[in-house]
There are 2 protein chains.
Amino acid sequence: MTAPGELMRREIAEQPDRWLDLVADRRAVDAAAEFLRDRLAAGRLSGLVFAARGTSDHAAVYAQYLAQALLGLPAAMATPSVATVYGRNVHDPNSCLVAVSQSGASPDLIATLESARARGGPTIAFTNDPGSPLALAADVHVPLLAGPERSVAATKSYTAELIALHMWLRAVAGDPAGRVDADIRALAEHGRTVIRRSAGLAPDLAERLADADRALLIGRAFGAATAREGALKLMETSSIAASGWSAADAKHGPLAAVTTGTPVFCFVGERTGRASVEALLPDLYGRGADVHLIGNDPEGSGLAGILPPDVADELLPVLSIVPVQSLALELALRKGLDPDRPLGLTKVTRTT
Amino acid sequence: MTAPGELMRREIAEQPDRWLDLVADRRAVDAAAEFLRDRLAAGRLSGLVFAARGTSDHAAVYAQYLAQALLGLPAAMATPSVATVYGRNVHDPNSCLVAVSQSGASPDLIATLESARARGGPTIAFTNDPGSPLALAADVHVPLLAGPERSVAATKSYTAELIALHMWLRAVAGDPAGRVDADIRALAEHGRTVIRRSAGLAPDLAERLADADRALLIGRAFGAATAREGALKLMETSSIAASGWSAADAKHGPLAAVTTGTPVFCFVGERTGRASVEALLPDLYGRGADVHLIGNDPEGSGLAGILPPDVADELLPVLSIVPVQSLALELALRKGLDPDRPLGLTKVTRTT
């Protein structure tokens, strides 16, 4: 058995290599893009519906925003309970059902994809296991190529999902493969730096947060997906009562949970949406919050300048999550917990 | 100025009367139903898209499930940031945009509704203010008839939204008005009992939770909306780090935030989805959680039996939230906070 956190540490570190694996073998991504482009060209596509749970749900929310921002295509999140709890098939056959799942094994996602198939709708699955039921049931399968993920806390499978979904939607949008591949290669270089710097900052940050019982994470649009994924990491590894919010929703109540000393992580790296997060800062400081900006300010020290200033908003979420992954790891270790094996959580979640 | 919590207490108490107001004047609900039925009959409707924030977002999630379960019609949640942050119009003109908002004044919801109109899509607004921009911009407006809501913590406007959305979707489904009205009248009677019993239980419960820093609320499908709304009430009034989850998502990490003594509220009143929540109980007890079932067990004492056993799942969410409303009120008062005026929160939230 490995030492506590060893798996998560390795899997955080290897992320840029896994992104490059997707660039090295983009056949499945291209096939999935062609599949969608054919249907778009034929005027037979009204939108995308993503089905996912947990960490993969956050990757799917990123893709939901990207599809809408990049393609102007309506994109919604499925409610898998409708298929399993209410036994209703509500799939619009003109929508493409896109399932995103590390394991590809959860019964509710399989049921949702099957209901789309039963209606004759197109289906695509992004999973890390090519032999999984979801992969086999979908018209097109895109393997995440993340390799076995052994820590229960998902890290490399999350960013592999972001990269695969990004490459897919850019290809659908008609961006030349060469340009997209170059973007990901540059991102991988940046990724190594962010991972190294995050690992350097995380122990001190974990020390500072050691007694924190709660935390808020706030972003907007793409950044809201990052905020929710970051909160999940802190919850599952370090048992913090963390929650992630869109800046738009934070004003509707969650801010009231911020009291003196509450750690609040604000994702301000993206040009779009940044103003919306920054607008909350006076209130957060007024409440005495322990505010941590995660951004790309060239003059910013620590987390505020940890992200490169020249990465497009559409790719920044892949890097923005890294400092929180590192923090979740170090915080768990500092608390004597094993982030690779959180009490009572399993790697593959089977929900009916 | 009223005493702390006085407004919220009154507004919780008057809820059944406000539901009856909607029954007494169902013209707007019927007009909205006819508007949708016409488009369904003409084969020009591919689904519903709900746009809402905060408490109203939870009412909209309830309606999203109800539309799918009752009508078999695809129903999605809009992402208002796409219109305001990315400036993209992604509305499918065959979808009906349904905005739900107490104030009807938030710029992002107005922008989302306007983008649907710009595409020629049908629009409906449920708001409490007939003169609000949302009400004026929509093809059809359904007033919530909740009367002025003066406490910042929304209670009666939330259940009025649930009732109005319920009546509307039942009418679209072709349920005779007389039967629906009778259901709501019976519900109002049950509501008075649940409100009285909740008020009786809440002070002791608040005493027990006085030192709780965090809480989890868990439901499934309809119950997931209740869980999220309950968490928001506890957060905004009592500054608890509360979060609400679908039982399906709770297994993906949030359970790790449950430690010895953590209060966990489980919504088990609905027949559908109940098994999914109950399946988590062994794990919750194993973690030493302070589990509170909110259900309709005739043998159950306290919250476990607070709901009537003979109310349909489709209406139970209107009652299930009441015990949490009362608890949020009493807990805030016990902590010396004013739930009517939480620090730094405003009644009308304007998000761009």
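How many bridges join strand β6 (residues 214-219) of chain B to β8(B)? There are three, and the two strands run parallel. Keep in mind as you look around that this is a predicted model.

**Strand β8 and its partners**

Let's stay with β8(B), which spans residues 263-267. This strand is mostly covered, with five of its five residues buried. B:Pro263, B:Phe265 and B:Phe267 point one way from the strand, while B:Val264 and B:Cys266 point the other way. Besides β6(B), β8(B) also pairs with strand β9 (residues 290-294) of chain B, again in the parallel sense. Here is how the two pairings of β8(B) look:

| Partner of β8(B) | Bridges | A residue pair |
|---|---|---|
| β6(B), residues 214-219 | three bridges | B:Ile218 opposite B:Cys266 |
| β9(B), residues 290-294 | five bridges | B:Ile294 with B:Phe267 |

**Ile218 and the nonpolar core**

B:Ile218, which stands opposite B:Cys266, is worth a second look. The largest nonpolar core holds 260 residues, and A:Ile218 and B:Ile218 touch the most other members. In chain A, leaving aside neighbours within four places in sequence, the contacts of A:Ile218 include A:Trp245, A:Val264, A:Cys266, A:Phe267 and A:Leu280.

**One face of helix α2**

Now turn to helix α2 (residues 15-24) of chain B, where B:Gln15, B:Pro16, B:Arg18, B:Trp19, B:Leu22 and B:Val23 are buried. Seen down the axis of α2(B), these buried residues fall within an arc of 160°, so they line one face of the helix. What covers them includes four helices of chain B: α1 (6-13), α3 (27-41), α8 (156-172) and α9 (177-209).

Terms used
Residues are numbered from 1 along each chain as its sequence is written. Chains are lettered from A and ligands numbered from 1 in the order in which they are written. This is a predicted model: local features need pLDDT of at least 70, side-chain atom pairs count only at pLDDT 80 or more; totals for chains, interfaces and linings use all residues. A residue is buried if 20 or more other C-beta atoms lie within 10 Å of its own, exposed if 12 or fewer, and partly exposed in between; C-beta atoms are placed from the backbone. Two strands pair if DSSP finds at least two bridges between them. The arc is that of the directions from the helix axis to the C-beta atoms. Two residues are in contact if their C-beta atoms, placed from the backbone, lie within 7 Å. A nonpolar core is a set of buried Ala, Val, Leu, Ile, Met, Phe, Trp, Tyr and Cys residues joined through C-beta atoms within 7 Å.
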